[in-house]
Amino acid sequence: MSAVTVEATSAAIHVSALHKYFGENEVLKGIDFQVDAGQVVCVIGPSGSGKSTLLRCVNRLEEPTSGQILVEGIDITDPETDLDKVRARIGMVFQQFNLFPHMTVLQNLCIAQRTAKRRSKAEAVEVARANLAKVGLAEKESAYPAHLSGGQQQRVAIARALSMDPDMMLFDEPTSALDPELVGDVLAIMKQLAAEGMTMMVVTHEMGFAREVGDKLVFMDGGVIVEEGDPREVLADPKHDRTKAFLSKVL
Ligand SMILES: Nc1ncnc2c1ncn2[C@@H]1O[C@H](COP(=O)(O)OP(=O)(O)OP(=O)(O)O)[C@@H](O)[C@H]1O
Ligand SMILES: [Mg+2]
């Protein structure tokens, strides 16, 4: 894909001909895809296929070797682009929650609002409390992360990302570190976000979530997108042997 069309630039995320090397190792071998505003795109694939690297390229935690990534029409691979400004539109949630252990939940939710958004303390607290309520943890604002379950910590991490008012959210295996009985609470929050129209890109092994909530499912293997489509169709009737082999192991 060479020219960027008007339609393409209206996408929330538009990736074309993305290549990423780590040294000699080509980890992304020409990725093309897009996420429309309000869409939920789930990404699946075996370990090492490049899912995290792709996600990390989208908010430039990794620098692409070549190719183009447009976030709301802004080329984030352009050296002229103000990365902080673009990143401020993208919320990121990782498998590990990355909360500050020495800060309370409320402090964890306020710090980036204060530094990056330059909000007053009162405003930051107000936004934080609204988002804690949204993830069902209003009563935990004074707790320290170590006193919360993994599922609660992940919901705090989601509330923290939401407190920055992102236009889109990237999730990298948000439930993979959780005990099975805690997964549902986190997925329920993500489902609610999707229903509210949040644009989401979700690397996940939760095929039920992909089937129920996803607008598109992308299967990656060996640094390429092997297959993508309606999650229900891809899961029920995969076209490629590699997709079939992967799904037969995880379903
Ligand atoms: N910072 C790095 N330096 C060197 N190689 C890396 C780095 N990050 C990832 N890789 C390599 O890139 C490849 C893809 O890794 P990536 O983490 O994107 O895969 P993944 O699909 O997210 O896998 P998993 O399901 O295990 O999380 C792997 O071979 C990995 O070893
Ligand atoms: Mg990964």
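This briefing covers a six-stranded sheet, two helices and one aromatic pair in a predicted model. Local features need pLDDT of at least 70, side-chain atom pairs count only at pLDDT 80 or more, and totals for chains, interfaces and linings use all residues. Residues are numbered from 1 along each chain as its sequence is written, chains are lettered from A and ligands numbered from 1 in the order in which they are written, and side-chain values use heavy atoms, with hydrogens and water left out.

Helices (H or I, at least four residues) and strands (E, at least two) are DSSP runs, numbered from the N terminus. Buried means under 20% relative accessible area, exposed over 50%, and partly exposed in between (1.4 Å probe, protein chains only).

**Sheet**
- Six strands form an open, mixed sheet in the order β6-β7-β8-β3-β9-β10; strands pair if DSSP finds at least two bridges between them.
- β6 (90-93) and β10 (224-229) are the edge strands; each has a single partner strand, so one side of each lacks a neighbour in the sheet.
- Neighbouring strands are turned by 15 degrees against each other on average, direction ignored. Axes are lines fitted to C-alpha atoms, for helices over the stretch in contact, and angles run from 0 to 180 degrees between N-to-C directions.
- β3 (residues 40-44) and β8 (residues 199-203) run parallel and are joined by four bridges.
- V41 stands opposite M201 in β8.

**Helix α7**
- α7 (residues 180-195) has 16 residues and an expected span of 22 Å at 1.5 Å a residue; its end C-alpha atoms are 23 Å apart, which agrees. The expected span is 1.5 Å times one less than the number of residues.
- Its buried residues are L182, V183, V186, L187, I189, M190, L193 and A194.
- Those residues fall within an arc of 155 degrees seen down the axis, so they line one face of the helix. The arc is that of the directions from the helix axis to the C-beta atoms.
- E181 and A195, on the other side, are exposed.
- The cover over the buried residues of α7 includes β3, β7 (168-172) and α8 (207-213); contact means heavy atoms within 4.5 Å.
- G197 follows α7, with a positive phi near 100 degrees.

**Helix α2**
- α2 (residues 51-58) is mostly covered, with six of its eight residues buried.
- The buried set is K51, T53, L54, L55, C57 and V58.
- R60 follows α2, with a positive phi near 60 degrees.

**Aromatic pair**
- The count is one aromatic pair. Rings of Phe, Tyr and Trp (its six-membered ring) pair if their centres lie within 6.5 Å; planes under 30 degrees apart count as stacked, over 60 as edge-to-face and the rest as tilted.
- The ring centres of F219 and F246 are 5.2 Å apart with planes at 35 degrees, so the pair is tilted.
- F219 lies in β9 (residues 216-221) and F246 in α10 (residues 241-250), so the pair ties together parts 27 residues apart in sequence.
- Both F219 and F246 are buried.
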